[in-house]
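Welcome, and please open your viewer. We will go from stop to stop, with something to select at each one.

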Amino acid sequence: MNETAVSYKPTDEIKKLQERKLQALLQYLNANSPFYKKLFAQQAIDINTVKTLEDLTRLPITTKDDLQRNNADFLCVDKQAIIEYTATSGTLGSPVSIALTENDLQRLAFNEYNSFITADGSAEDVYQLMLTLDRQFMAGIAYYSGIRKMGGKIVRVGPGIPALQWENIARYEPTIIVAVPSFILKLIQYAEQHNINISHTSVKKAVCIGESIRNADCSLNILGRKITEAWNIELYSTYASTEMQTAFTECSAGKGGHLQPDLIIVELLDENNMPVPANTEGEVTITTLDVEGMPLLRYKTGDVCMYFDDPCSCGRNTMRLSPLLGRKKQMIKFKGTTLYPAALFDLLNEINEVRDYVVEVSTNDVGLDEVLLYIHAADESAESDHRIRSYIQAKLRVSPFVQYVSEDAIKKLQLNEASRKPVKFIDKRK
């Protein structure tokens, strides 16, 4: 089915499609997955009794620890059928492998084809990819494959190096860039410093990856506003993970990332692993559909979002996910205040004196969270320091430690060899 045929169908037809695919998945897992076959037997689960989406609560959840500890047992095909190994970070230190078959790679391309169509892309567009396509990064190959399937043109520049990005924008005239939002800000800063008139470039849209550009109510956050105030382009937010092999992408309405109902089932669960209603925070829990190599059932991602089920002006009849509100493992409890790194990012993005930053959290000698902000500032005068600290104190009601560092030092902190994207949060807690 193509994207239009599924997403615009009546909601009851979409639900029936997902339920048929869920039943097929359960049979496939029971026949081919060592992990799930054992789990079903241990918990005496009769998969034939699971027929509706509501029946999902009868099934156990799967965690990142399960995937890391039993990685090979999630594989449902002979190793000869594997075409590519990708990797994602695990909870126990080492990366987790996700193996893909040829069918999985085709599904991945179809997923991103749908995503770029949702973001108003077409075969006439030229996409400049400001991200890595190596280091086992699934998203990079997904973007590339999806654009190829759509018939668009591609400029593979890779991450970083604003001068090279602008040189290629001038040469190839891309209409859409795919980039991390904070890097788009660096592009804008470079253009201002080098007299590049960004309002007269070919770029009309940006597909934003890896960082949120919206608040919980889907209004643009500080990062999103800073980009659009300086550059008259349309922003489209995306959310995805390697494990789900599927993306949630905004349409032009900008009211949440649309579900691809033929590729994934999504639940948002509370602390008791029960579904929460619309507009309520819950942990994103996914069941992949039509994945051949390493399908997942009720897999808790650790990401906290809300979902919206009111009609969207684009006409798609699919649920939508809110911007990422936080990650369970990254929650910080600091001096009686609970916050997520994203809240600190938004705060630091608001401060004009702050050029760049890294947030580090560690455990102090009495077992409590300590927060250290590494800041590269426009200047390190006493007046600037006072403004920065006063603003943070006023917004957070608590005062984290602040350490000013050079531009080179902040880059070294951000460019972790194990990461494929700039690191803004370092967790050193025991």
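Is Phe 74 buried or exposed? Select Phe 74 and turn on the surface to look: this residue is buried, with a relative accessible area of 0%. Keep in mind throughout the tour that the model is predicted.

**Stop 1: a stacked pair**

Keep Phe 74 selected and add Phe 35. The two ring centres are 4.2 Å apart and the planes meet at 20°; planes under 30 degrees apart count as stacked, so this pair is stacked. The partners come from distant parts of the chain, 39 residues apart. Phe 35 belongs to helix H3 (residues 34–42), while Phe 74 is in the loop between helix H4 (64–69) and strand S1 (82–88). Phe 35 is buried too, at a relative accessible area of 12%.

Now add Tyr 36 and Phe 40 to your selection. Together with Phe 35 and Phe 74, they form a cluster linked by ring pairs. In total, the structure holds 10 aromatic pairs.

**Stop 2: two tryptophans**

Next, select Trp 166, which is buried at 6% relative accessibility, and Trp 231, which is buried with a relative accessible area of 1%. These two form a tilted aromatic pair, with 5.5 Å from centre to centre and 35° between the planes. Trp 166 lies in helix H7 (residues 162–172) and Trp 231 in the loop between helix H9 (222–230) and strand S7 (234–241), so the pair ties together parts that are 65 residues apart in sequence.

**Stop 3: charges over rings**

Which ring does the charged end of Lys 149 sit over? Select Tyr 113 to find out: the charged end of Lys 149 is over that ring, 5.8 Å from its centre. Then move to Lys 424, whose charged end sits over the ring of Tyr 357, 4.4 Å from the ring centre.

**Stop 4: the second largest pocket**

To find this pocket, select Ser 182, Phe 183, Lys 186, Asp 356 and Gln 414, the lining residues that lie nearest its centre. The second largest pocket has a volume of about 1,200 Å³, and 42 residues line it.

Colour by secondary structure here. Helix H8 (181–193), helix H10 (341–350), strand S18 (354–363) and helix H12 (407–414) are the elements that each give two or more residues to the lining. Which of the elements gives the most? That is H8, with nine residues.

Finally, colour by residue class: the lining of this pocket has 19 nonpolar, 11 polar and 12 charged residues.

Terms used. Residues are numbered from 1 along each chain as its sequence is written. This is a predicted model: local features need pLDDT of at least 70, side-chain atom pairs count only at pLDDT 80 or more; totals for chains, interfaces and linings use all residues. Side-chain values use heavy atoms; hydrogens and water are left out. Rings of Phe, Tyr and Trp (its six-membered ring) pair if their centres lie within 6.5 Å; planes under 30 degrees apart count as stacked, over 60 as edge-to-face and the rest as tilted. Helices (H or I, at least four residues) and strands (E, at least two) are DSSP runs, numbered from the N terminus. Buried means under 20% relative accessible area, exposed over 50%, partly exposed in between (1.4 Å probe, protein chains only). A charge sits over a ring if NZ of Lys or CZ of Arg is within 6 Å of the ring centre and within 35 degrees of the ring normal. On a 1 Å grid over the protein atoms alone, a cavity is a set of points where a 1.4 Å probe fits but cannot get out, and a pocket is an open set with protein on both sides within 12 Å along at least five of seven lines; lining residues have an atom within 4 Å of a point. Grid points are joined across faces, edges and corners, and a volume is the space filled by probe spheres set on the points. Ala, Val, Leu, Ile, Met, Phe, Trp, Tyr, Cys and Pro count as nonpolar, Asp, Glu, Lys and Arg as charged, and the others, Gly among them, as polar.
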